[in-house]
Amino acid sequence: MSGDGALEQLRREGRIVIVGASLAGLRAAETLREEGFTGSLTLIGDEPHEPYDRPPLSKQVLLGHASADRTELPRRHGLDADWRLGVAAAGLDMAARRVRLADGDEVEYDRLLIATGVRARPWPHPTEAELDGVFVLRTRDDAARLQRRLAASPRRVLVIGAGFTGSEIASACRERGLPVTVAERGAAPLVGALGGVIGQVAAELQREHGVDLRCGIMVTGLEGDSAGRLRRAHLSDGTTLDADVAVVSLGATRNTEWLAGSGLGAGPRGIACDAGCRAFDVRGIVTDDVFVAGDVARSPHALFGYQFLSLEHWGNAVAQAATAAHNMISSSSERRPHLWVPAFWSSQFGVNIKSVGVPSLGEEVIVTQGSLAEHRFTGVYGYQGRVIAAVSFDQTKWLEFYQRQIESAAPFPPEYSSVDRRPEGLRPVPADFPDPSLPTHGPSVTVSGYSPTDQRITFTPARA
Amino acid sequence: MRLVVDLNRCQGYAQCAFLAPDVFAMHGEESLLYNPHAEAAQREQVLRAATACPVRAILVEDPDDAPDRVEEEGLSGVR
Ligand SMILES: Cc1cc2nc3c(=O)[nH]c(=O)nc-3n(C[C@H](O)[C@H](O)[C@H](O)COP(=O)(O)OP(=O)(O)OC[C@H]3O[C@@H](n4cnc5c(N)ncnc54)[C@H](O)[C@@H]3O)c2cc1C
Ligand code: SF4
């Protein structure tokens, strides 16, 4: 009874602090209010902006169809919150339940949600990264700067890394008529996320749209002129390339440094949490007052062998934020697991790419509808005899069906034959993912396998 | 007015592009590109598009029904 009373008090007059005022932070705050939380709500965000949406930044904004500083997320309703924007959280005292801010202020909480996301991995050579013309793309300020530079008609744009963001940037440049070179260390674009078979289709798309795509190539150095402006890049095959803009798209780093020494299980791979979004501490014990959601979280998923998934996906941030918020103000019997089936979309070279499940777990892939050659198809991934993921290029309508196949652990290869009976749909082929032990350009899904049965939680400390 | 489309949910049916062509546009076969900031003059069209979307993928913040904005709430910490 007294436990219920404490929960009622928390819901009525507790203090909830959310660190990270972006997609996950905003959606969690809305859910808290919708579920009847009437206590104090504080949102802490290091960017000086209201929560805004990132996916348009590499698409509409770079194409000039939308403005980078008008991408604020719509609100479902008022929040009655205390916004601390433009100031970073700098430390966490879990025993005292206190967040320390960079300006020295301290904020106490009864429940804390960490939604600090990720940031773009910078070009590794700091002096080269400083050159005028070298960009990354994560924030709306990044997008505004890059879009301005693209509008000034650079002679050539070099995109370093052909993951989803890099490929979308290359696509936008081509649509603006700009000469683009894409340098990708792997065998094809999107290879870390979708594997080599589908990656080949992405490569064809790029080349058909006039991208100078160079795979199996690393950029070894960026060179500027005497005024500090980017002039050329040096490539691992010994050649050089003249370019006045380079966009570094080498994946992302998790924003967990501020938690160093806090005792929370937070490191470069994110913050591990249970399926109910409660963070683990360094001892592998789950906390009851610190929750995690969005790109910064790693959480076990029952559908995928309880593996810890880090998903840098918009839909994951929305769904996990809602679950975390619900669980923050619920008794243990009312808590829900984050059981969202991973899904994302990308728009590039006029093609709508969508996926459900976890393609990077796939051992084999089979084309069940359409054709790779036509760049319009549905591919289904199999793992240990079951359907684990599906990807579509301009065939969205099929994905819902495969989502249900994934949820019901349907057998792979699928028993039904390909609907339109193309030859490539007759048998599965190896999905051709790169060796996970080799570094790649940041796949959008990373998986590490700690099953609940072997009960090992490895703590990866933050880098010094 | 602010809007966002859940593109995981969007099926590319293009009703929105038909009803509010200045805000929503198809790009290629089934990609939807939209302006996350629609002008006030577009309000009626945008609201109609959001209602017409068969999978309810469009979330609009109606300025006439505006929730408290950051400026109106206890904002601190900005400059
Ligand atoms: C260019 C681009 C295109 C994308 N396109 C797609 C797409 O097509 N499809 C898709 O599914 N996903 C896409 N995504 C991914 C999607 O935007 C993310 O999954 C989503 O933004 C995650 O939300 P989040 O709130 O977890 O993290 P974030 O959006 O990263 O927000 C975290 C916030 O916390 C802040 N923060 C960090 N540290 C601190 C601190 N110590 N104190 C206070 N604040 C802090 C950060 O500055 C940031 O504002 C794209 C992302 C980018 C950048
Ligand atoms: S009406 Fe809905 S489903 Fe159709 S294109 Fe617009 S957002 Fe997508």
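This passage describes the second largest pocket and a selection of salt bridges in a predicted model.

The second largest pocket has a volume of about 940 Å³. Its lining is made up of 36 residues, and those that lie nearest the centre of the pocket are W314(A), D6(B), R9(B), R56(B) and A57(B). Elements of chain A and of chain B give two or more residues each to this lining: in chain A these are α8 (314-328), β24 (343-348), β25 (351-357) and α9 (399-407), and in chain B they are α2 (43-52) and β4 (58-61). When the lining residues of the second largest pocket are sorted by class, 17 are nonpolar, eight are polar and 11 are charged.

Side chains of opposite charge can pair when their charged atoms come close. Over all chains, the count comes to 33 salt bridges, and three of these, in chain A, are described here together with the setting of their partners.

Within helix α2 (residues 23-34) of chain A, E30(A) and R27(A) lie three residues apart, about one turn of the helix, and their side chains meet in a salt bridge with an N to O distance of 2.9 Å. E30(A) has a relative accessibility of 0% and therefore counts as buried; R27(A), at 5% relative accessibility, likewise counts as buried, because both values fall under the 20% cut-off.

A salt bridge with an N to O distance of 2.5 Å is formed by the side chains of D105(A) and R84(A). This pair links distant parts of the chain, 21 residues apart, with D105(A) placed in the loop between β5 (98-101) and β6 (106-108) of chain A and R84(A) placed in strand β3 (residues 82-85) of chain A. D105(A) is partly exposed, its relative accessible area being 34%, whereas R84(A), with a relative accessible area of 10%, is buried.

The side chains of D244(A) and R155(A) also meet in a salt bridge, at 3.5 Å from N to O. Because D244(A) lies in the loop between β15 (240-242) and β16 (245-248) of chain A, and R155(A) in the loop between α5 (140-151) and β10 (157-160) of chain A, the pair ties together parts that are 89 residues apart in sequence. The partners fall on opposite sides of the classification, since D244(A) is buried with a relative accessible area of 15%, while R155(A) is exposed with a relative accessible area of 56%. Finally, R27(A), E30(A), E34(A) and R76(A) are joined into one network by salt bridges that share partners.

Conventions:
Residues numbered from 1 in each chain as written. Chains lettered and ligands numbered in written order. Predicted model: local features only at pLDDT ≥ 70, side-chain atom pairs only at ≥ 80, totals over all residues. Heavy atoms only, no water. 1 Å grid on protein atoms, 1.4 Å probe; cavity = no way out; pocket = protein on both sides within 12 Å on 5 of 7 lines; lining within 4 Å. Points joined across faces, edges and corners; volume = space filled by probe spheres on them. Helix = DSSP H or I, 4+ residues; strand = E, 2+ residues; numbered from the N terminus. Nonpolar A, V, L, I, M, F, W, Y, C, P; charged D, E, K, R; others polar. Salt bridge = Lys/Arg side-chain N within 4 Å of Asp/Glu carboxyl O. Buried < 20%, exposed > 50% of the residue type's maximum accessible area, 1.4 Å probe, protein only.
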